[in-house]
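Hi,

Here is the structure I promised to pass on. Have a look at it first, and then read my notes below.

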Amino acid sequence: MSITLLFLFLFSYFPKPSFSAHCTTVTATKTFQKCMTLPTQQASIAWTFHRHNDTLDLVFFGTFISPSGWVGWGINPTSPEMTGTRALIAFPDPNSGQIVLLTYVLDPTVKLQRNPLLSRPLDIHLLSSSATLYGGKMATVHNGATVQIYASVKLSSNKTKINHVWNRGLYVQGYSPTIHPTSSNDLSSIATIDVLSGSSAAQHSNIGTLKNVHAVINAVSWGILLPIGAVTARYLRHIQSLGPTWFYAHAGVQLSAFFLGTVGFAIGIRLGELSPGVQYGLHRKLGFAAFCLGALQTLALLFRPKTTNKFRKYWKSYHHFVGYACVVLGVVNVFQGMEVMGEGRSYGKLGYCLCLSSLIGVCIALEVNSWVVFCRKAKEEKLRREGLIGGGGSDKGSGIMHSRDHHNYS
């Protein structure tokens, strides 16, 4: 029941791409031939391509997210990613408060944030550029203010496709824009368009669906089934009436979780290939670590020593340590994935937390019951040693397996 609720929550509330309502070809100073609504940040672009001289006149429409923030647009001459972009970034002048537009080159050092981003000339044929706030000269920068970045660029002969990048940030230090937010939308603000035909280059329209499938599969496998498998082994193996059933249940749940998680892991790898400009360092590393530990646990089943083998105790220690580490990493990475997708306060996260809380509650109840049974058995053993009770049949109905039967499957 709880897993069904989790599916409903996650499918209903994981993020969907946001789009601005319309694009326009008309501005206060120019009229353009074509326009396009961009897939993130409620942004759009309009342009006119002069084929006779390969000149592109365009305007980018973006919005500020802070009174001291910045809005940028640029072209990457080599690939659809942030690194290498030749950018035009607009922000309020720290001295006069008027909107200014400066040129920047986003080289790899920008990504590492080791040095402040400094304005420098571009090595593309930028013929002219300017920026204006919507509302005229009396307009001021505020949260939600719209800015128009104009540019005229001469493209290479017979080249009509451009890789363009856009983004926005919260504040500027002097004349150095600081890093932008790192939500899924902010990291996906990259596109390739054909300025002649007015169409987007081949885009992976199913990327949003893949993200949701990746999220749901991994939340269920690594975040729910894997902990259930661990709970099965810890608390059911002591019930005498179950016999070896607990072992098969434990192995079945864990193998199902791993194989389902492998599908989610493969989808995550594919998402990385479809989004070359988007990187989630911590989420990716945790995912690889959890998958490797899960693979080691699966392989460990093939090398499980017999109960009489002297290495059995070492195998058990390894199995417990790696298993619990895998469970912890899986759960932590589910939460990390929600943060990456910008769903830190979503109903999807609430649904997952409810399922996880229910599982934790069951564990606490079973742990308390185990201690009660243990204390009762210890008391009975003490009375038996003192001769106050008989030794025959004391284990009847206790539900505890004899150690010989237990070790055959543990």
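Let me start with a helix pair: the axes of α6 and helix α7 (residues 312–340) come within 8 Å, crossing at roughly 150°. Angles over 145 degrees count as roughly antiparallel, so that is what α6 is relative to α7. The crossing of α6 and α7 is left-handed, and the residues of their contact split into 15 nonpolar and 10 polar, with no charged ones. Bear in mind throughout that this is a predicted model.

While you are at α6, which spans residues 281–300, find A295, which is part of that helix. A295 has a relative accessible area of 21%, so it is partly exposed; the cut-off for buried is under 20%. From the C-alpha of A295 to that of F259 is 9.6 Å, although their positions lie 36 residues apart along the chain.

F259 brings us to the other helix pair I looked at. How do α4 and α5 run relative to each other? Helix α4 covers residues 207–236 and helix α5 covers residues 245–274. Their axes come within 8 Å and cross at roughly 155°, and α4 and α5 are therefore roughly antiparallel. The crossing of α4 and α5 is left-handed. In the contact of α4 with α5, the residues come out as 23 nonpolar, 10 polar and 1 charged.

Now the sheet. Open and made of 5 strands, it has the order β1-β2-β3-β8-β7, and the pairing is antiparallel. Which strands stand at the edges? Those are β1 (34–37) and β7 (126–133); each has a single partner strand, so one side of each is left without a neighbour in the sheet. On average, neighbouring strands of this sheet are turned by 15° against each other, ignoring direction.

Further in, look at β3 and β8. Strand β3 (residues 55–63) and strand β8 (residues 146–154) run antiparallel and are joined by 9 bridges. If you want a spot to put your cursor on, V59 sits opposite Y150 in β8.

Last, the cysteines, which you may want to check on screen yourself. How many disulfides does the structure hold? There is 1, formed by C23 and C35, with their sulfur atoms 2.2 Å apart. The torsion about the S-S bond of C23 and C35 is about 50°, so this disulfide is right-handed. The pair links distant parts of the chain, 12 residues apart: C23 is in the loop between α1 (2–13) and β1, while C35 is in strand β1. That takes you back to the sheet, since β1 is one of its edge strands.

Are the two bonded cysteines buried or exposed? Somewhere in between: C23 counts as partly exposed because its relative accessibility is 26%, and C35, with a relative accessible area of 25%, is partly exposed too.

Why is C326 not bonded to C292? The sulfur of C292 is the closest cysteine sulfur to that of C326, but the distance is 9.9 Å, which is too far for a bond; a disulfide needs the sulfur atoms within 2.5 Å. C326 has a relative accessible area of 3%, so it is buried.

That is what I have for now. Shout if something looks odd on your screen.

Cheers

How values were computed. Residues numbered from 1 in each chain as written. Predicted model: local features only at pLDDT ≥ 70, side-chain atom pairs only at ≥ 80, totals over all residues. Heavy atoms only, no water. Axes fitted to C-alpha atoms, helices over the stretch in contact; angles between N-to-C directions. Helix = DSSP H or I, 4+ residues; strand = E, 2+ residues; numbered from the N terminus. Parallel < 35°, antiparallel > 145°, perpendicular 65-115°, else oblique. Left-handed = near helix turned anticlockwise from the far one by under 90°. Nonpolar A, V, L, I, M, F, W, Y, C, P; charged D, E, K, R; others polar. Pairing = 2+ DSSP bridges. Buried < 20%, exposed > 50% of the residue type's maximum accessible area, 1.4 Å probe, protein only.
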